[in-house]
Amino acid sequence: MKSNSMKQEKMPSDTSENNLPLPSSGHNCCCDDDECCSAALPAEPLTGNLSGAVYSMLEGIGEDPQREGLLKTPERVARSLRFLTRGYSENPEELLKNAVFTESYDEMVVVRDIDLFSMCEHHLLPFFGKAHVAYIPDGKIVGLSKLARVVEVFARRLQVQERLTQQIRDAIQTVLNPKGVGVVIEAKHLCMVMRGVEKLNSITTTSAMSGQFITSQSTRSEFLRLIRP
Ligand SMILES: [Zn+2]
């Protein structure tokens, strides 16, 4: 009862029309403020392993890790990486379970345009875009913010977009057992944009559906219509 599809689209060159979030310089960053990223991390101390590995990486690319500008970089990158992969320490199903309510509402619930920042496991480069999540309740609903949180927890791990899309669907299906779940993700991959592939404006779209989103063409069409830009 599960299907999954993927297509690559070449978008018009005017990227401002894509409505994709740009990496913001807000709190989710690896900025020069040493307090910044550490504030959002669990309190346990960093192991030296990660920053040591970054030190070796700097040497590996022919840099001098001892020069002034790079002195704090290994520690900063280690913190940044821990922040960007903090989804490993959270359980998305538990998170959903804590916000389930009994309710007779049985129409489609859609949360669209959930900002998404993840990291491709093949190149350790970011991919970012939007997730759209829908489900049709069967006696139980979940707090809407939790749908966005589930997207975030899975996104803050090393990912491929295809698996990320399915994991979000499966977590919602498992916990809520709704009549169906639909997930669509549209994202730009910096590994495509920056590594010489130079598909500057390509957007990758993935979808994962279950239940009525597969069996009912009208349900599927309604969902896709509701998330159209
Ligand atoms: Zn990649």
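Let's start at valine 77, which counts as partly exposed because it has 19 C-beta neighbours inside 10 Å, where 20 or more would make a residue buried. This is a predicted model, and valine 77 sits in its helix H3.

**Around helix H3**

H3 covers residues 73-84, 12 residues in total. From first C-alpha to last, the helix reaches 16 Å, close to the 16 Å expected at 1.5 Å a residue. Several of its residues are buried, namely Pro74, Arg76, Ala78, Arg79, Arg82 and Leu84. If you are looking through the side chains here, note that three arginines, Arg76, Arg79 and Arg82, belong to that buried list.

Which residues does leucine 50 touch, once neighbours within four places in sequence are left aside? The contacts are Ala78 and Leu81. Leucine 50 itself is placed in helix H2, residues 48-60. Like valine 77, which is partly exposed, leucine 50 counts as partly exposed, because 16 C-beta neighbours lie inside 10 Å. Ala78, its contact partner, is buried.

Two C-alpha separations from leucine 50 are set out below.

| Pair | Apart in sequence | C-alpha to C-alpha |
|---|---|---|
| Leucine 50 and proline 74 | 24 residues | 7.9 Å |
| Leucine 50 and valine 77 | 27 residues | 8.5 Å |

**Helices H5 and H6**

Further along the chain, helix H5 takes in residues 144-155 and helix H6 residues 161-176. Their axes come within 10 Å and cross at roughly 135°. H5 and H6 are therefore oblique to each other, since only angles over 145 degrees count as roughly antiparallel. The crossing is right-handed. On the H5 side, the contact is made by Val150, Val151, Phe154 and Ala155. H6 contributes Leu164, Gln167, Ile168, Ala171 and Ile172.

**The protein as a whole**

The protein has 229 residues, and 30% of them count as buried. Nine helices and eight strands are found in it. Among contacts with a separation of 6 or more, 74% join residues 24 or more positions apart.

**How far to trust the coordinates**

The average pLDDT of the protein is 84, and 78% of the residues score at least 70. Over residues 1-32, however, the pLDDT is below 50. That stretch still has 49 contacts in the model beyond near neighbours in sequence. Where pLDDT is low, the predicted coordinates should not be read in detail.

How values were computed:
Residues are numbered from 1 along each chain as its sequence is written. This is a predicted model: local features need pLDDT of at least 70, side-chain atom pairs count only at pLDDT 80 or more; totals for chains, interfaces and linings use all residues. pLDDT is the predictor's confidence in each residue, from 0 to 100. Two residues are in contact if their C-beta atoms, placed from the backbone, lie within 7 Å. Helices (H or I, at least four residues) and strands (E, at least two) are DSSP runs, numbered from the N terminus. A residue is buried if 20 or more other C-beta atoms lie within 10 Å of its own, exposed if 12 or fewer, and partly exposed in between; C-beta atoms are placed from the backbone. The expected span of a helix is 1.5 Å times one less than its number of residues. Axes are lines fitted to C-alpha atoms, for helices over the stretch in contact, and angles run from 0 to 180 degrees between N-to-C directions. Angles under 35 degrees count as roughly parallel, over 145 as roughly antiparallel, 65 to 115 as roughly perpendicular and the rest as oblique. A crossing is left-handed if the near helix is turned anticlockwise from the far one by less than a right angle, and right-handed if clockwise.
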